[in-house]
Amino acid sequence: MSDSAEQLSRTPLFDLHLSLGARMVPFAGYEMPVQYPLGVMKEHLHTRAHAGLFDVSHMGQVELHGAEAAAALETLVPVDVIGLPAGKQRYALFTNDEGGILDDLMIFNTGSYLHLVVNAACKAQDIAHLKAKIGSRCEIRVRDDLALLALQGPGAEAALASIAKDVANIPQSFMQGGRVLLAGIDCLVTRSGYTGEDGFEISVPNAQCEALAKALLAAPNVQPIGLGARDSLRLEAGLCLYGHDLDTATTPVEAALTWAIQKVRRTGGARAGGFPGANVILAQLDDPSKVKRKRVGIKPEGRAPIREGVELQNEQGQKIGVVTSGGFAPSVNAPIVMGYVDTTYASTGTKINALLRGNGASVMVAAMPFAPHRYKR
Amino acid sequence: MTTRYTEDHEYIKLDGDIGTVGITHFAQDKLGDLVYVEQPKIGKALKQGDDAAIIESVKAAAEAKAPVDGEVLEVNQAIVDDPSLVNSDPENAGWFFKIKLADKAQFDALMDEAAYKKLIG
């Protein structure tokens, strides 16, 4: 089946992408910009040095309304939602009965409802899951009328301030949010993103998205950035991509995402368990010997990029894992890798091999992130 | 000097019985920023269509194939040291390797510039 046989969706910025010279590719059912004329390498470096604007409107936005919304959502995620203060955002995971990950998502508490952002490729399934499991306890509003922009990089705050009516309304630290009037448009802004940089995600009505994007691109040193650089930026930041580094057969503990499971949901906590797969996930948290494999960072010794699907071996040539994300890291100026290895080999500094074109390439388990996070705390 | 092209977007420029091989501007543009090149060994005997050099861009892995049968005489170390040369000047400074042709008829059978331009539209 060819791509043209599929009906691809377009974001409200489709025409703008074309006018900016973007190269469009099919991604998660959408026609999305993979790069602009600047190219992946320069777009990546520009974001780390200045500010980049990303169209992430393909992602799903869903609101949960009602007094029981937080309690209901806690039955689907191993995360403290009830304790999430108004104006704060938190990373979460939908789990399945086996403890695997159905999707990763962001939850923002507006003070009157919960605003969820889920992955494009999973959104239909996530919405069905929410409706089936908690649809009777809260009102689920799918916000197809909203687009999403990410503004990332050390220059993001200045760029946002240049079009904000009242800069005092701009969220002041990482994972905070609120409503801000930008270029005359009422937006929901959170100080977050997926590049490891300081920055913002801006939820804006579809009809006003292009005007907002143009206003942001008119700010000094803001460049449009495509999916290619978005991927290399998130990999350098050690962040997982669902469907690659996370899937239904991988638990949050194996994925080294235990930081996302607050104490209150763990064994001994006030609201321990009560989410799908809690028996598996809590058992792994309580007894690390039950964790057979773990997500780790890996640095190749050579210059050749090592990509998703490459087998990882011990020095005896036995398979001990697999690469789930890999590529060249422009800010590190070297290839970097994320993958899963048997727990025995998961310590930083462990020397292993990657089976590259039939040969064992020397690699080493390395600490993540590969590029330091620069969130504003 | 005559230049011929392959359907895999390599070019070969012939000087006597020595061909200079690289990838076309079209190919480097499709691949995006190159980050790694692995050259064939000098003296290696290649058959037409063999994978000769390994190319990695920020987006994908690819190969430069041998456009004709022959022996590798020389490789361009400059593109190993700085793969971005292939992006900035693919058909001059960004050449890959020189090959001693075994059979000039193979070269003559490749596409000329007009045919290659038609191929890439």
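## A strand pair in chain A

In β12(A), A:I202 is the bridge partner of A:L149. The structure is a predicted model. A:L149 belongs to a strand with neighbours on two sides, and that strand is a good place to start.

## Strand β9 of chain A

Strand β9 of chain A covers residues 146-152. Seven of its seven residues are buried, so the strand is largely enclosed by the rest of the structure. Both faces are covered. On one side sit A:L146, A:L148, A:A150 and A:Q152. On the other sit A:A147, A:L149 and A:L151.

Which strands pair with β9(A)? One is β3(A), residues 51-55, joined to β9(A) by four bridges. The two run antiparallel. Here A:D55 stands opposite A:L149. Another is β12(A), residues 199-205. Its pairing with β9(A) is also antiparallel and spans seven bridges.

## The five-stranded sheet of chain A

Chain A also holds an open sheet of five strands. Their order is β5-β6-β7-β4-β8, and the pairing is antiparallel. Which strands stand at the edges? They are β5(A), residues 89-95, and β8(A), residues 139-142. Each has a single partner strand, so one side of each is left without a neighbour in the sheet. Neighbouring strands are turned by 30° against each other on average, direction ignored.

The edge strand β5(A) is joined to β6(A), residues 101-109, by seven bridges. These strands run antiparallel. Within the pair, A:L93 has A:D104 in β6(A) as its bridge partner.

A helix lies across this sheet. It is α4(A), residues 123-134, and it crosses β4 (60-65), β5, β6, β7 (113-118) and β8 of chain A. Helix α4(A) runs at about 10° to β4(A).

## Two domains in chain A

The domain assignment gives chain A a domain 1 (3-57 + 145-225) and a domain 2 (67-136 + 261-289). Their centres, taken over C-alpha atoms, are separated by 27 Å. The contact takes 11 residues from domain 1 of chain A and 10 residues from domain 2 of chain A.

Which elements give two or more residues to the side of domain 1 that touches domain 2? They are β10 (177-182) and β11 (185-190) of chain A. By class, that side of domain 1 has five nonpolar residues, six polar residues and no charged ones.

## The fold of chain B

Chain B has five helices and nine strands. From the N terminus on, its elements run β-β-β-α-β-β-β-β-β-α-α-β-α-α. The radius of gyration is 13 Å, close to the 14 Å that the globule rule gives for 121 residues, so chain B is as compact as a globular protein of that length.

The C-alpha trace of chain B spans about 35 × 35 × 20 Å along its principal axes. Of the 121 residues, 41% are buried. Among contacts in chain B with a separation of 6 or more, 61% come from residues 24 or more positions apart.

## The six-stranded sheet of chain B

Six strands of chain B form an open sheet in the order β1-β2-β3-β9-β8-β5. The pairing is antiparallel. At the edges are β1(B), residues 2-5, and β5(B), residues 45-46. Each of these pairs on one side only.

How many bridges join β5(B) to β8(B)? There are two, and the strands run antiparallel. Strand β8(B) covers residues 70-75. In this pair, B:L46 has B:G70 in β8(B) as its bridge partner.

Definitions and conventions: Residues numbered from 1 in each chain as written. Chains lettered and ligands numbered in written order. Predicted model: local features only at pLDDT ≥ 70, side-chain atom pairs only at ≥ 80, totals over all residues. Pairing = 2+ DSSP bridges. Axes fitted to C-alpha atoms, helices over the stretch in contact; angles between N-to-C directions. Contact = placed C-beta atoms within 7 Å. Domains from an automatic or database assignment. Nonpolar A, V, L, I, M, F, W, Y, C, P; charged D, E, K, R; others polar. Buried ≥ 20, exposed ≤ 12 C-beta atoms within 10 Å, placed from the backbone. Rg over C-alpha atoms; globule rule 2.2 N^0.38 Å.
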